[in-house]
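The following exercises concern a single protein chain. Each task is followed by a solution in steps.

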Amino acid sequence: MVANYWSMLNFELVVIFGIFSAVIVSLLTIFGIGYLPVFVYRRWRARQGTNESLRAANELLQTVLSLSTKWDARKFKQLSHCPICLETYEEEDFVTSLPCDIRHYFHTECIEDWLELSMNCPICKVPVTHETINQANQQFEK
Ligand SMILES: [Zn+2]
Ligand SMILES: [Zn+2]
């Protein structure tokens, strides 16, 4: 009688435990599947943000590079060599001035490589931004 009672109790415990685990597993699955779109959306948003900032940086770089001109000994008197590669400017070289100072000019290829790593002038460390370019253009027009 006593043995029977215990085996009944054990059976009930096993059933209750079984149902309990089944409920837990289903809940986890439901939450897991429910969270999946959120996870995918967050990943997509993060990637979108990176693309956006990359595109903005590239656009800024192209704006700076579009200001490049052929080196001219009469126009570029301050520096006879490029501060990045330390080579002397030649007649056929293309140079780019940064918006911080018209005298801060570099080989176009040298400053392109530089700006891909850091958007600051190698001489005075002033950041290259759309604002500084606009300011420089306004000064130039005056
Ligand atoms: Zn150079
Ligand atoms: Zn500078």
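**Exercise 1. Overall architecture**

Along the sequence, the secondary structure follows the pattern α-β-β-β-α-α, where helices (H or I, at least four residues) and strands (E, at least two) are DSSP runs numbered from the N terminus. The model is predicted: local features need pLDDT of at least 70 and side-chain atom pairs count only at pLDDT 80 or more, while totals for chains, interfaces and linings use all residues. Residues are numbered from 1 along each chain as its sequence is written, and chains are lettered from A and ligands numbered from 1 in the order in which they are written.

Task: determine whether the protein is spread out or compact by the globule rule.

Solution.
- Step 1. The radius of gyration, taken over C-alpha atoms, is to be compared with the globule rule, 2.2 Å times the number of residues to the power 0.38.
- Step 2. The radius of gyration is 33 Å, well over the 14 Å that the rule gives for 142 residues, so the protein is more spread out than a compact globule.
- Step 3. Along the principal axes, the C-alpha atoms fill a box of roughly 115 × 30 × 25 Å.
- Step 4. The protein is divided into domain 1 (1–59) and domain 2 (67–141), with bounds that come from an automatic or database domain assignment. The domain centres, taken over C-alpha atoms, are separated by 56 Å.

**Exercise 2. The sheet**

Task: establish the strand order of the sheet and the pairing of its strands.

Solution.
- Step 1. Two strands pair if DSSP finds at least two bridges between them.
- Step 2. The three strands form an open sheet in the order β1-β2-β3, with antiparallel pairing. Its edge strands, β1 (69–70) and β3 (101–107), each pair on one side only.
- Step 3. Strand β2 (residues 94–98) is joined to β3 by four bridges, and a hairpin connects β2 to β3 through two residues.
- Step 4. In the register of these strands, S97 has Y105 of β3 as its bridge partner, and V95 stands opposite H107 in β3.
- Step 5. Helix α2 (residues 108–117) lies across β2 and β3, at about 95° to β3. Here axes are lines fitted to C-alpha atoms, for helices over the stretch in contact, and angles run from 0 to 180 degrees between N-to-C directions.

**Exercise 3. Burial and the core**

Task: identify which residues make up the largest nonpolar core.

Solution.
- Step 1. A residue is buried if 20 or more other C-beta atoms lie within 10 Å of its own, exposed if 12 or fewer, and partly exposed in between, with C-beta atoms placed from the backbone. Buried residues make up 10% of the 142 residues.
- Step 2. A nonpolar core is a set of buried Ala, Val, Leu, Ile, Met, Phe, Trp, Tyr and Cys residues joined through C-beta atoms within 7 Å.
- Step 3. The largest such core has ten residues: V64, C82, V95, L98, Y105, F106, I111, L115, C121 and V128. At least two of them come from each of β2, β3 and α2.
- Step 4. Leaving aside residues up to four places away in sequence, L115 touches L61, V64 and V128, a contact being C-beta atoms, placed from the backbone, within 7 Å.

**Exercise 4. Two loop residues**

Task: state where L86 lies and whether L86 is buried or exposed.

Solution.
- Step 1. L86 is in the loop between β1 and β2, and its phi is near 65°, a positive value in a residue other than glycine.
- Step 2. L86 counts as exposed because it has 8 C-beta neighbours inside 10 Å.
- Step 3. K125, in the loop between α2 and α3 (130–141), has a positive phi near 70°. With 9 C-beta neighbours inside 10 Å, K125 counts as exposed.

Notes. Contact = placed C-beta atoms within 7 Å.
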